[in-house]
Amino acid sequence: MRYTGSVFKKSRRYGLSLLENNKEFLKGKKRTTAPGQHGDKKIKLSGYGEQLREKQRLQYMYGINDRQFRRMFKIALKMKGNLSMNLLIVLESRLDNLVYRMGFAPTRRAARQLVSHRHILLNGKKCDIPSTMVSLKDTIEVKEKSRTLPIVNSGEIIKPLPFVQVSADKKGTYLRYPERNELNPDINETYVVEWYTRLI
């Protein structure tokens, strides 16, 4: 099942901002150690443990379960080029992620909800499946009636990244695949590839 609990708690557990805005560790939220009474103890992870941790970090960051992750990895396997980068490209090409990247929602969870509630158009047509894979040059937009929603006009909206183009009327285009330096530098996707290569 997909995790629906506290993102802040998971961010503390993995020592990483899963919201990618560092909000979980801002002033006033001083607990930076892992949750639990032994959270301040440093644990040296084995190679297996590091692979598992990185896989879980990506899972919680993108809001997907293990079955979905396996499917994403199999898609990446069929692509040409670097496998670890291809995995990130596949994850970034999900509809809910691109809605978030274009700044139509403050978090990926909010983006997923916008898609599920049919507020988003993909190439001019309604699409309510957050895991839909978006192709290059596809257009994503917020329905005209939905552009006044508080979640769409939140003050916490992120600035769109260079691989997407967004206009003032809440319309965006997936221009190109992201480059590694445009994505989260704290993730070690090589460990994730090693984890799934061992299982397949």
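A salt bridge is counted where a side-chain nitrogen of Lys or Arg lies within 4 Å of a carboxyl oxygen of Asp or Glu. In this predicted model, the count by that rule comes to 11 salt bridges, and one of them brings together the side chains of E92 and R101, with 2.8 Å from N to O. The model also holds an open sheet of 5 strands, in which the pairing is antiparallel.

**Salt bridges and burial**

- In the pair formed by E92 and R101, E92 is buried at 0% relative accessibility, and R101 is buried as well, with a relative accessible area of 5%.
- Salt bridges that share partners link R53, E54 and R57 into one network.
- Within that network, the salt bridge between E54 and R53 has its closest N and O atoms 4.0 Å apart; E54 is buried, with a relative accessible area of 3%, whereas R53 is partly exposed, with a relative accessible area of 29%.
- A further salt bridge joins the side chains of E141 and R147, at 3.4 Å from N to O, and E141 counts as buried because its relative accessibility of 14% falls under the 20% cut-off.

**The sheet**

- Read across the sheet, the strands follow the order β2-β1-β3-β5-β4, with β2 (125-126) and β4 (164-166) as the edge strands, each of which pairs on one side only.
- The edge strand β4 is joined by 3 bridges to β5 (residues 171-174), and these two strands run antiparallel.
- In the pairing of β4 with β5, V166 stands opposite G172 in β5.

Key: Residues numbered from 1 in each chain as written. Predicted model: local features only at pLDDT ≥ 70, side-chain atom pairs only at ≥ 80, totals over all residues. Heavy atoms only, no water. Pairing = 2+ DSSP bridges. Helix = DSSP H or I, 4+ residues; strand = E, 2+ residues; numbered from the N terminus. Buried < 20%, exposed > 50% of the residue type's maximum accessible area, 1.4 Å probe, protein only.
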